[in-house]
Amino acid sequence: MLRNLLKSKFLIGVIVLLRFTMKAIIDCNNFYCSCERLFKPWLKNIPVVVLSNNDGCIISRSDEAKKLGLKMAAPYFMVKPFLEKQGVQVFSSNYALYGDLSKRVMETIASILPENCIEVYSVDEAFLDLSNVSPIELNDVVKNIKDTVELWTGIAVSIGVAPTKTLSKIANHLAKTNKEKSNCLLVLDTPDKIAAALKRTPVDEIWGIGKQFAAKIEKLNVKTGYELQLMPEEWFRKNLGGVVGVRLLHELQGSPSIGIDEQLSTKKMVSCTRRFERPLTDLKFIKEAVATYVSRAAEKLRRQQSAVKTLSVFIIPKEFKRGKVYKPLEPVTTQMKLPVATSRTNELIKQALILVEQIFKEGATYEKAGVIFSDLTPDSSLQGNFFSPQAGFGQRYLMSQVDNVNFSMRNEKVKFASAGVAKPWKMKQEFLSSGYTTRWNELRLIS
Ligand SMILES: [Mg+2]
């Protein structure tokens, strides 16, 4: 009797503990497609897809488009006849629109929860720390966040709630796989619910497990998240990247190891590569393009609080016809070690343009360029350099302010002059919708 009582007290303890350290992820459903639909209500129930930069491939699909069997990353030119036949509406990516709606979603959440409990994780996702929400109110609070975001912004969202960030991602994924039943909301607040969710989650669906690790794990005949968290800690340490692996195990077992505003691991390399709208022969334009790509990559770098030591630049010559065959040319690439690791766009552009000049050949035609930052170090550990006064905090503050403006406008509002103004090399956007919320002359008209 006593033993049973103790056991039940223990269970209640576990449940209370789980409920008191709850994290959530809120994720906008088919975000880019939802943004396009918001201003074109007639698209309701019609399949919609959004294409990547340069109208290359599919990067967002409405539920109807998914039902047609369209896959993420499918190249547009290959699926074009199918899209036309099925009446699928196609859009170029309109980052000004998506950035603005993302800001509205995040601001709405911030009107309900304190700002230090919100980690904006990507343009359409945010982690929430719900530790201060009492267990009794948890369901109501989460439901209120979901309803308020949908009512105020018109963007449908899914929310997964669990004791850790990794489990909340799993909860969110499961909520989305059965929208009718879950109503896009799933709370994993008991050990039983967590175990059941892990049993339904294949290893490669787990946040933080890349393709490389998934293949390694599947060789051991471990198929689900549930089986994975039964593996010994030593195995995680040895095979899944040391401390990172151990933290992942703890997260799966329900003990929080990744805080809000903290990542499981940061990317070891950051890059930005784009094909030009048309082939270029002019060094001036190639430099503008590379400066723009450096700005993009530097933003990503600062987002994960890293600085770069090795900078690589490449330009790819246009394939040319030799006899009857088109022969693709190898990219021309070069790299340099920076004297001091940095995350500042101006410093990186200056060095990248020196590299472009080194590899550019007069008379050649180029169709693509890119920059790669490797050899990354944490930005916080940067030492100031006596000979490099720009390593100071003023510059860092300036960059963070530029990022804030550009993130909210998604429009390169503030940019470096070397990135160009007219940009004739810029990407193709044949199906671009209007800047309904960011440009006065493109406001939606109601007649
Ligand atoms: Mg999403």
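Helices (H or I, at least four residues) and strands (E, at least two) are DSSP runs, numbered from the N terminus. Glu-367 sits in one such run, strand β14 (residues 366–378). This is a predicted model, in which local features need pLDDT of at least 70, side-chain atom pairs count only at pLDDT 80 or more, and totals for chains, interfaces and linings use all residues. Residues are numbered from 1 along each chain as its sequence is written, and side-chain values use heavy atoms, with hydrogens and water left out.

## The chain as a whole

The chain has 16 helices and 14 strands. Its length is 447 residues, and 47% of them are buried. Buried means under 20% relative accessible area, exposed means over 50%, and partly exposed lies in between (1.4 Å probe, protein chains only). Contact means heavy atoms within 4.5 Å. Take the contacts in the chain with a separation of 6 or more: 70% of them join residues 24 or more positions apart.

## The magnesium site

Which residues coordinate the magnesium ion? They are Asp-27 (OD), Cys-28 (O) and Asp-124 (OD), at 2.1 to 2.5 Å. Donors are N, O and S atoms within 2.8 Å of the metal (3.2 Å for Na, K and Ca); water is not among the atoms, so sites may look incomplete. Along the chain, the donors of the magnesium ion follow the spacing D-C-x95-D. Asp-27 and Cys-28 are both buried.

## The second largest pocket

Pockets are found on a 1 Å grid over the protein atoms alone. A pocket is an open set of points where a 1.4 Å probe fits, with protein on both sides within 12 Å along at least five of seven lines; lining residues have an atom within 4 Å of a point. Grid points are joined across faces, edges and corners, and a volume is the space filled by probe spheres set on the points.

The second largest pocket has a volume of about 710 Å³. Its lining has 26 residues. Those nearest the centre of the pocket are Asn-30, Arg-37, Asp-63, Ala-156 and Lys-179. Elements that give two or more residues to this lining are α2 (31–38), α3 (63–67), α6 (138–153), α7 (165–177) and α8 (179–182).

How many nonpolar, polar and charged residues are in the lining of the second largest pocket? There are 6 nonpolar, 9 polar and 11 charged residues. Ala, Val, Leu, Ile, Met, Phe, Trp, Tyr, Cys and Pro count as nonpolar, Asp, Glu, Lys and Arg as charged, and the others, Gly among them, as polar. Domain 1 (2–28 + 98–252) and domain 2 (31–94) each give at least three residues to this lining. Domain bounds come from an automatic or database domain assignment.

## Residues in strands

Ser-92 lies in strand β4 (residues 89–92). Ser-92 counts as buried because its relative accessibility is 0%. Beyond its neighbours within four places in sequence, its contacts include Glu-36, Val-50, Tyr-98 and Phe-431. Ser-92 and Asn-54 are 38 residues apart in sequence, yet their C-alpha atoms are 7.8 Å apart in space.

Ile-118 belongs to strand β5 (residues 118–122). Its relative accessible area is 11%, so Ile-118 is buried. Not counting residues up to four places away in sequence, Ile-118 touches Ile-109, Ala-110, Leu-113, Ala-126, Phe-127, Leu-128 and Ile-260. From Ile-118 to Met-106 is 12 residues in sequence and 8.5 Å in space, C-alpha to C-alpha.

Back to Glu-367: is this residue buried or exposed? Glu-367 is buried, because its relative accessible area is 18%. Leaving aside neighbours within four places in sequence, Glu-367 is in contact with Arg-275, Phe-276, Ile-316, Pro-317, Lys-318 and Glu-319.

## Residues in loops

Most residues other than glycine have a negative phi. Asn-45 has a positive phi, near 70 degrees. Ala-73 also is not a glycine and has a positive phi of about 70 degrees. The table gives the places and accessibilities of loop residues.

| Residue | Loop | Relative accessible area |
|---|---|---|
| Asn-45 | between α2 and β2 (48–51) | 59%, exposed |
| Ala-73 | between α3 and α4 (76–86) | 52%, exposed |
| Pro-202 | between α9 (191–199) and α10 (211–218) | 37%, partly exposed |

Pro-202 is in contact with Lys-223 and Thr-224, leaving aside neighbours within four places in sequence. Pro-202 and Glu-227 are 25 residues apart in sequence and 9.6 Å apart in space, C-alpha to C-alpha.
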